[in-house]
Amino acid sequence: MSLRRSGSQSLVSLLGHWQETASRTPLWRQLAEALRLLILDGRLPLDSRLPGERELSIALGVSRTTVASALGQLRDEGYVVSRHGSGSRVILPAQQSQIPTRMNTVQPLDLSTAALSAGPEIHQAYHHAISLLPQHLASTGYDQQGLPALREAIAQRYCERGLPMRADEIMIVNGAVSGLALTLRLLTGPGDRVVVDNPTYPLAIAAIQGASCRPVGVSLPAEGWDVDGLTATFAQTSPRLAYLMPDFHNPTGRCMDAPTRQRIADLSARTRTTLVIDETMVDLWYNAPPPPPLAAFNADAPVITLGSTGKSFWGGLRLGWIRASSRTLSSLVQARDTLDLGSPLLEQLATGWLLENADCLLPERRQMLAARRDMCSALMTEYFPQWRYAQPEGGLSFWVELPDMLSTLFAARAESVGIHLGTGTRFGLAGAFDRWLRLPFTLDDEALRIAFNTLQPVWNSLNGQQNNLRTRKIIY
């Protein structure tokens, strides 16, 4: 089996600003921590082969002994396995408890995943689904487009939001990422360009690259979207499609206004560029619901819309949908033959009950999340006054700007105290956004305060060292 090889320059970009020259931590340990973070984040794929020690030492500008010591540490921890003459490849430890921590009393906390645990309504939904299951047992259970009743319920929700449609324009899939992967399989080929926001959802980047396509980023301005930049990129790169998240964008939390949606829909219609619109966060608004779906702004625009239950209700449902023309869905059903034979029936029945009761369930969920957002904002002001951020209009997280390019360093140090952070570099192309963090507010208030209390001395030490280094540079 041939292993995917990580190029040295690509790895340097992924590592970002990993080196802290003023730190007392040995350089080899800093490198080991930064590489471990890339493995845990999934940015270094499992079974990928790392560059050789000599090649990596030249690319990083450090001694070969530093690289060898870092890889040796990762081998001892179970993150790398090496064979003489074959180099080193990435693996995961047999048990996650092998991740080293300097504070064994601290329970590991995940501040990298923007998702909620299941509420009592999930148990109710499955209880109802089981009661309905007997009437479906006489069938084969294979249905690549999904249960008609569920598709009808989803279509009705689109109609209520301002996009008239029929149930035959809905296809049930196993989550929004699965829907994106299926769309890429149908519409793209190796080497095709796919336009994305920069930053954007990291699993979308992974799906695009997994389809052997080239993601082309259009930078997001301080507010809103750069429609002129999007127009120029379409003209210059002739992409096969563009992936956008206008409803409480991940990671920034911003919402695209109606005039911008109109301009982008018109651009799609004019250039015949397919838009894949991810509406995963559409139900999680706090001040006001978003404008109608982007597909409603121009009937001639080729728009494929992805939806999901993962954020609105529970990620464990693993259920989503694709909204597209009936002709496109027919092609997607054929393309799906080589992937799976449909989505689980029980989950579809549970989702049907959740959608039927959404108007009762979602307001309480939004109210709870808004309170957690406000508490997270207050705690950041208290513990990390140097951080800058905009209050998200919806979604599950803050997009936090640090005073310097410290995201990778901070996340690596946080791992050592049992806290996993989502570095900004996960959300950008080629290692961009190293001065940003995505910080979810999905933990309860007590857990969030414990995490911030644990992170504060780590941050103060790191930030203080950077300030001292800048002072010395000014003096000299």
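How many Å separate the centres of domain 1 and domain 3, taken over C-alpha atoms? The answer is 37 Å. Those domains come from an automatic or database domain assignment, which splits the protein into domain 1 (8–90), domain 2 (109–116 + 366–474) and domain 3 (120–359).

Before going further, some ground rules. This is a predicted model, where local features need pLDDT of at least 70 and side-chain atom pairs count only at pLDDT 80 or more, while totals for chains, interfaces and linings use all residues. Residues are numbered from 1 along each chain as its sequence is written, and side-chain values use heavy atoms, leaving out hydrogens and water.

As for confidence, pLDDT (the predictor's confidence in each residue, from 0 to 100) averages 89 over the protein, with 92% of its residues at 70 or more. Two stretches stay under 50: residues 96–106, with 19 contacts beyond four places in sequence, and residues 469–476, with 3 such contacts. A contact here means heavy atoms within 4.5 Å.

Now to the sheets. Helices (H or I, at least four residues) and strands (E, at least two) are DSSP runs numbered from the N terminus, and two strands pair if DSSP finds at least two bridges between them. One open sheet has 7 strands in the order β4-β10-β9-β8-β7-β5-β6, with mixed pairing. β4 (170–173) and β6 (214–219) stand at its edges, each with a single partner strand, so one side of each has no neighbour in the sheet. From one strand to the next, the twist averages 25°. Inside it, β5 (193–198) and β7 (241–244) run parallel over 3 bridges, and V194 stands opposite L241 in β7. Helix α8 (202–210) packs on this sheet, touching β5, β6 and β7, at about 145° to β6. Helix α11 (326–336) touches β4, β9 and β10, making about 25° with β4. Such angles, from 0 to 180 degrees, are taken between N-to-C directions of axes fitted to C-alpha atoms, for helices over the stretch in contact.

The other open sheet to look at has 4 strands, ordered β3-β12-β13-β11, again with mixed pairing. Its edge strands are β3 (109–111) and β11 (397–401). β12 (419–423) and β13 (436–440) pair antiparallel over 2 bridges, with L437 of β13 as the bridge partner of T423. Helix α13 (358–383) lies across β11 and β13, at about 25° to β11, and helix α14 (407–415) lies across β12 and β13, at about 165° to β12.
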